[in-house]
Amino acid sequence: DTSSCEMPFLSLSAAVIVFDAISRIKSEEIERIFKYLSVFPAFAASVILICNFMNKYYDKLRYEYLVQQISEDATVVNLIKLPYSEYAIDDAEDTPLTSEMFQNGITYLELILKYYGIDNIDVDDINLNLIDVYSYNQIK
């Protein structure tokens, strides 16, 4: 059991040992270690960027595909899920598109359709079917 007055002494002793060990390492070795360690965050950032770019691409594509299906008077409409939805907020999976009404009596799906220029659609006649990216690629 260490008392409170021994803690600063032990902390300073540990700091002296650590700094002495670091000072004995050559600067070239430290630079090499930091080079190797910097690869991991760069790789992780690259993977996250790729996931976000893919999500953005399929988010745009799925609503274009939704508008295309509705303009073809389809009653069952396929909506593509995001490929990496664990890294993004997926409004199609997280938001009730047709059931929840906003203050002015408009559903979220109606807002999406208005954004894409389709105003005269009764969303009660549309049945949404969530499909994954693989299924979409097979359809196309």
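**Exercise 1: Q69 and its surroundings**

Q69 has a relative accessible area of 6%, so it is buried. (Buried means under 20% relative accessible area, exposed over 50%, and partly exposed in between, using a 1.4 Å probe and protein chains only.) A quick word on what you're looking at: this is a predicted model, where local features need pLDDT of at least 70 and side-chain atom pairs count only at pLDDT 80 or more, while totals for chains, interfaces and linings use all residues. Residues are numbered from 1 along each chain as its sequence is written, and side-chain values use heavy atoms, with hydrogens and water left out.

Find the element that holds Q69, then list what Q69 touches beyond four places in sequence.

*Solution.*
- Step 1: Q69 sits in helix α2. Helices (H or I, at least four residues) and strands (E, at least two) are DSSP runs, numbered from the N terminus.
- Step 2: skip the residues up to four places away, and Q69 touches A74, V76, V77 and N78. Contact here means heavy atoms within 4.5 Å.
- Step 3: follow V76, which belongs to strand β1. V76 is partly exposed, at 49% relative accessibility.
- Step 4: V76 in turn touches Q69, N127 and N129, again leaving out residues up to four places away. The C-alpha atoms of V76 and N127 are separated by 4.7 Å, although the two residues are 51 apart along the chain.

**Exercise 2: the whole chain**

Write down the order of helices and strands along the sequence, and state how much of the chain is buried.

*Solution.*
- Step 1: count the elements, and you get 5 helices and 2 strands.
- Step 2: read along the sequence, and the pattern is α-α-β-α-α-β-α.
- Step 3: for burial, 22% of the 140 residues count as buried.
- Step 4: for the surface, the chain exposes about 10400 Å², with carbon and sulfur atoms supplying 59% of it. These areas come from the Shrake-Rupley method with a 1.4 Å probe; for residues, only the protein chains shown count as cover.
- Step 5: for contacts between residues at least 6 apart in sequence, 57% join residues at least 24 apart.

**Exercise 3: helix α2**

Compare the span of α2 with its expected span, then pick out its buried residues.

*Solution.*
- Step 1: α2 covers residues 27–71.
- Step 2: its 45 residues reach 66 Å from first C-alpha to last, close to the 66 Å expected at 1.5 Å a residue. (The expected span is 1.5 Å times one less than the number of residues.)
- Step 3: the buried residues of α2 are C51, N55, Y58, L61, R62, Y63, Y65, L66, V67, Q69 and I70.
- Step 4: take N55 from that set, with a relative accessible area of 4%. Leaving aside neighbours within four places, N55 is in contact with L82, P83, Y84, S85, Y87 and A88.
- Step 5: look just past the helix, where α2 is followed by D73, whose phi is positive, near 60°.

**Exercise 4: salt bridges**

How many salt bridges does the structure hold?

*Solution.*
- Step 1: apply the criterion, a side-chain nitrogen of Lys or Arg within 4 Å of a carboxyl oxygen of Asp or Glu. That gives 2 salt bridges.
- Step 2: one is R62 with D59, at 3.0 Å from N to O. Both residues lie in α2, 3 residues apart, about one turn of the helix. R62 is buried at 1% relative accessible area, whereas D59 is partly exposed at 24%.
- Step 3: K60 bridges to E64, with the closest N and O atoms 2.6 Å apart. K60 and E64 are 4 residues apart in α2, so about one helical turn separates them. E64 is partly exposed, at 37% relative accessibility.

**Exercise 5: nonpolar residues, inside and out**

Which residues make up the largest nonpolar core, and which form a nonpolar patch on the surface?

*Solution.*
- Step 1: a nonpolar core is a set of buried Ala, Val, Leu, Ile, Met, Phe, Trp, Tyr and Cys residues joined through side-chain atoms within 4.5 Å. In soluble globular proteins, nonpolar side chains tend to be buried together.
- Step 2: the largest core has 12 residues: Y63, L66, V67, I70, V77, L79, L109, I112, L113, I118, V123 and I126. The elements giving two or more residues to this core are α2, β1 (76–80) and α4 (108–115). The largest share, 4 residues, comes from α2.
- Step 3: apart from this core lies another, of 8 residues, among them Y65, I80, V133 and Y136.
- Step 4: on the surface, I33, F34, L37 and F40 form a nonpolar patch with about 450 Å² of accessible area together. (Patch residues have over 30% relative accessible area and no salt bridge; like charges are joined within 9 Å, and nonpolar side chains, meaning Val, Leu, Ile, Met, Phe, Trp and Tyr, within 5 Å.)
- Step 5: I33 is in helix α2 and is partly exposed, at 42%.
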